[in-house]
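Colleague: I'm new to this structure and would like a close look at one part of it. Could you take me through the loop region you find worth a visit, along with whatever surrounds it?

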Amino acid sequence: MDGTFLTQINVLLQLICVIIVAAYLLTRSRIFPEILDGNPTIKTRIILVLLFGGLSIYGSVSGIEFLGSVVNVRDLGPMVAGLLAGPWVGIGAGLIGAAYRLSMGGITVYACSISAIFAGLFGGLIWIYYKKKFAGTTIAVAFAILMEVFHMALTLIMVRPFDAALEIVSRVYIPMILANAAGMYVFAVMVKNIQNERKIQAERDSLILEMERKVAGLSGDDTLLQK
């Protein structure tokens, strides 16, 4: 395993950490319950588009330049946006990331820009398929892996000369797939933890309510006996 590969992985994981911190803050925000319920308001959707679009830009800005391309985690923001709130939010975040990627130029500019948009679209379609709910850790990670495979395939199809495209893909596909999958895994685990917390809270509230009803019933029986 050469130094270039290790450098790519190291930088990409640093990018992932920043994105995960932002995602964690989102999961602890007041708007996150409505996202989990599958009913984000227009205001919430706009916030998500801007947040994950900004993270997509960050994934490009902080990437590693290599042979006219940028090793990055640009697709992660739109992917998560789509998985959380549907295709329009995912596409919106992807368009922001794509617009910035277009400004950077390079021989992979069109393939990478289109990939960011498709990342949001595909994530949103998965959200719809799972009835406007987060699909879960396994599906989310599998999606991240397949999305980066799609990204690499798109690069091979669109970029010319083909030899240059093949050289780029052969050097970056492993770190990009690993980094995006790792970032998605961590985020999915955070979402799962929040869902478990909500479930436990609901069960606790239900139990407390049931106990209060029983206590009230016993109090009523005592009053009748006294009469």
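Modeller: Happy to. Let's start wide: 44% of the protein's 227 residues are buried. Keep in mind that this is a predicted model. There are eight helices and two strands in total, and from the N terminus the order is α-α-α-β-β-α-α-α-α-α. The accessible surface comes to about 11,800 Å², with 67% of that belonging to carbon and sulfur atoms. If you take the contacts between residues at least 6 apart in sequence, 78% of them join residues at least 24 apart.

Now zoom in on the loop between helix H6 (109-129) and helix H7 (137-158), which is where Ala135 has its place. Let's look at the two helices on either side before we step into the loop itself.

H6 comes first. Its 21 residues should span 30 Å at 1.5 Å a residue, and since its end C-alpha atoms are 31 Å apart, the two figures agree. The buried residues of H6 include Ala116, Ala119, Gly120, Gly123, Gly124, Ile126 and Trp127. Among the parts that cover H6's buried residues are H4, helix H5 (87-104) and H7.

On the other side, H7 has 22 residues and reaches 31 Å from first C-alpha to last, close to the expected 32 Å. Its buried residues include Ala140, Val141, Phe143 and Ala144, and also Glu148 and His151.

Back to the loop. Just after H6 you meet Lys131, with a positive phi of about 60 degrees. Lys132, also in the loop between H6 and H7, has a positive phi of about 60 degrees too, although it is not a glycine. Why point these out? Most residues other than glycine have a negative phi. As for how covered they are, Lys131 is exposed, because its relative accessible area is 72% and the cut-off for exposed is over 50%. Lys132, at 43%, counts as partly exposed.

Ala135 is another story: with 15% relative accessibility it counts as buried, the cut-off being under 20%. What does Ala135 touch? Setting aside neighbours within four places in sequence, Ala135 is in contact with Ile126 and Tyr130. Ile126 is one of the buried residues of H6. Gly123, another of H6's buried residues, is 12 residues from Ala135 in sequence, and their C-alpha atoms are 9.5 Å apart in space.

There's a cavity to see here as well. A search of the whole structure turns up two cavities of 30 Å³ or more, and the second largest holds about 30 Å³ of space. Its lining is made up of Ile35, Leu36, Leu83, Leu84, Trp127, Lys132, Lys133 and Phe134. Helix H2 (32-36) and helix H4 (76-85) are the elements that give two or more residues to that lining. By type, the lining divides into six nonpolar residues, no polar ones and two charged. So Lys132, the partly exposed residue from a moment ago, also appears in this lining, as does Trp127, which is buried in H6.

One last stop, past the far end of H7. Pro161 lies in the loop between H7 and helix H8 (162-226), and the peptide bond from Arg160 to Pro161 is cis, with omega near 5 degrees. For context, most peptide bonds are trans.

Technical notes: Residues are numbered from 1 along each chain as its sequence is written. This is a predicted model: local features need pLDDT of at least 70, side-chain atom pairs count only at pLDDT 80 or more; totals for chains, interfaces and linings use all residues. Side-chain values use heavy atoms; hydrogens and water are left out. On a 1 Å grid over the protein atoms alone, a cavity is a set of points where a 1.4 Å probe fits but cannot get out, and a pocket is an open set with protein on both sides within 12 Å along at least five of seven lines; lining residues have an atom within 4 Å of a point. Grid points are joined across faces, edges and corners, and a volume is the space filled by probe spheres set on the points. Helices (H or I, at least four residues) and strands (E, at least two) are DSSP runs, numbered from the N terminus. Ala, Val, Leu, Ile, Met, Phe, Trp, Tyr, Cys and Pro count as nonpolar, Asp, Glu, Lys and Arg as charged, and the others, Gly among them, as polar. Buried means under 20% relative accessible area, exposed over 50%, partly exposed in between (1.4 Å probe, protein chains only). Contact means heavy atoms within 4.5 Å. The expected span of a helix is 1.5 Å times one less than its number of residues. Accessible areas come from the Shrake-Rupley method with a 1.4 Å probe; for residues, only the protein chains shown count as cover.
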